[in-house]
Amino acid sequence: VIGRPFSHPFADYPAGMSRTVFTGAKVFDGTGADPYPADVVIERERIVAIGPAGSSDADAAVDVGGKTLLPGLFDTHTHVVVSTADLWQIAQKPFSLQFFEAARNLRATLAAGITTVRDAGGADLGVKEAVASGVVPGPRVQISLVMLSQTGGHGDDWLPSGDLIHFFQPHRGLPEAIVDGPDEMRRKVRELHRMGAEVVKVATSGGVLSTRDDPRQAHFRPAELDVLVEEATAAGMFVMAHAQGAEGIKNAVRAGIRSIEHGVYLDDEGIELMLDRGTWLVPTLVAPQGVVDAIEAGASLPPAVEEKARAAVGTHRAAISRAVEAGVRIAMGTDSGITAHGQNLRELELMVAGGMTPASALEATTRTAAELKGLDADLGTIEPGKLADLDGLAGDPYDFASYRERVEAVWKAGERVVGDEG
């Protein structure tokens, strides 16, 4: 059990009971309703009933005392093995340190009330299984392994000196990520599937942290992306696209890629395509600002990276605001690793500043995120039959300031994983 100490009402949660009722709560269930008073009954790992306050019987009770119960939160874009945007710092670290840092990062993410993440590069099958088997406490991890990139693309770590400094160092659990041409793409997707990937990530444009590309330029040709989606679909995997430039976004949407990550230079045509195809957008609004903040705090990043990051911040926010106004489906993601793990919920404030209502921002962090990941049969809402992933939150659930500090307890599949036993 992890997290900061707290007092009543959560400290007396009884262990070992098969049927427990949470009483005195307001419930934000993620289905579109505002918070309402209700009892929530769980039996072992699943929710079995939601009813009027005082109406439910169980083996044991937890008096929530006016707090709000939320579904366990999602972050659909993390890098749990990455702890800094500073490539020079990464180059100085022993190879295996990343896995110990991942354990710390996973714990910090869970303590923020996030019970499920989609890792957008770096985490391998061992990281996923360490959490799933209970070796390391953390949120469920859906893995992509690496980000596929063309030669000279966002995932190509070549430097002008001819050296390489990898964000995601290839190893026995993590393949090389550079592919060129449809045949290489087909083989690489099959290799990713063999190594445990559950989602495929591809860079369809340049990016900010890569020094030798322009985020506005489209990467990979349509034939390569068509093969990617065909192979991923055949293997039962979705595809997510790092896509910042307008043409790279539109190429990804036309190919049938499920979600656009970042969307910095998203234009009106791209928005219409996304609406037509039902494509999700994962804004990661904290990411460009996080790079600027890291530079101002002394991170050693090339001048070209700083220039791109500063140029992206305002453009990014304006593009996301247009997408929100148009009704594009939004799922919460942060790019944590580039920004600090455990501070993921800062994204919610930026989503609201970009035009989302507080309720829709919370839905994007619960139900909509679960739908994006294909996990909505079990997660994302507080409903009978769903896994009992619950957050106990003090204060107004629509006030996102200090949200992290107000998450007082977290249950994952019915087991309390954050908060003292008292």
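## Basis of the model

Helices (H or I, at least four residues) and strands (E, at least two) are DSSP runs, numbered from the N terminus. This is a predicted model, in which local features need pLDDT of at least 70 and side-chain atom pairs count only at pLDDT 80 or more, while totals for chains, interfaces and linings use all residues. Residues are numbered from 1 along each chain as its sequence is written, and side-chain values use heavy atoms, with hydrogens and water left out.

## L73 and its surroundings

L73 lies in strand 6, residues 73-78. Its relative accessible area is 0%, so L73 is buried (buried means under 20% relative accessible area, exposed over 50%, partly exposed in between, with a 1.4 Å probe and protein chains only).

Contact means heavy atoms within 4.5 Å. Neighbours within four places in sequence aside, L73 is in contact with A112, G113, I114, T115, T116, L345, T365, T366 and D391. E363 is 290 residues from L73 along the chain, yet their C-alpha atoms are separated by 9.4 Å.

## The three-stranded sheet

Two strands pair if DSSP finds at least two bridges between them. Strand 6 belongs to an open sheet of three strands, ordered 6-7-8, with parallel pairing. Strand 6 and strand 8 (140-143) stand at the edges; each has a single partner strand, so one side of each lacks a neighbour in the sheet. From one strand to the next, the twist averages 15° (axes are lines fitted to C-alpha atoms, for helices over the stretch in contact, and angles run from 0 to 180 degrees between N-to-C directions).

Four bridges join strand 6 to strand 7 (residues 114-119), in the parallel sense. T78 stands opposite D119 in strand 7.

## Helix 2

Helix 2 covers residues 97-111, 15 residues in total. The expected span of a helix is 1.5 Å times one less than its number of residues. For helix 2 that gives 21 Å, and the end C-alpha atoms are 22 Å apart, which agrees. G113 follows helix 2 and has a positive phi, near 95°.

The buried residues of helix 2 are Q98, E101, A102, N105, L106, T109, L110 and A111. Their cover includes strand 7, helix 3 (125-132), strand 8, helix 13 (403-406), strand 16 (407-412) and strand 17 (415-418).

## The six-stranded sheet

A further open sheet has six strands in the order 9-10-11-12-13-14, with parallel pairing. Strand 9 (147-148) and strand 14 (329-330) are the edge strands, and each pairs on one side only.

Strand 9 pairs with strand 10 (residues 199-203) in the parallel sense, over two bridges. The bridge partner of M147 in strand 10 is K201.
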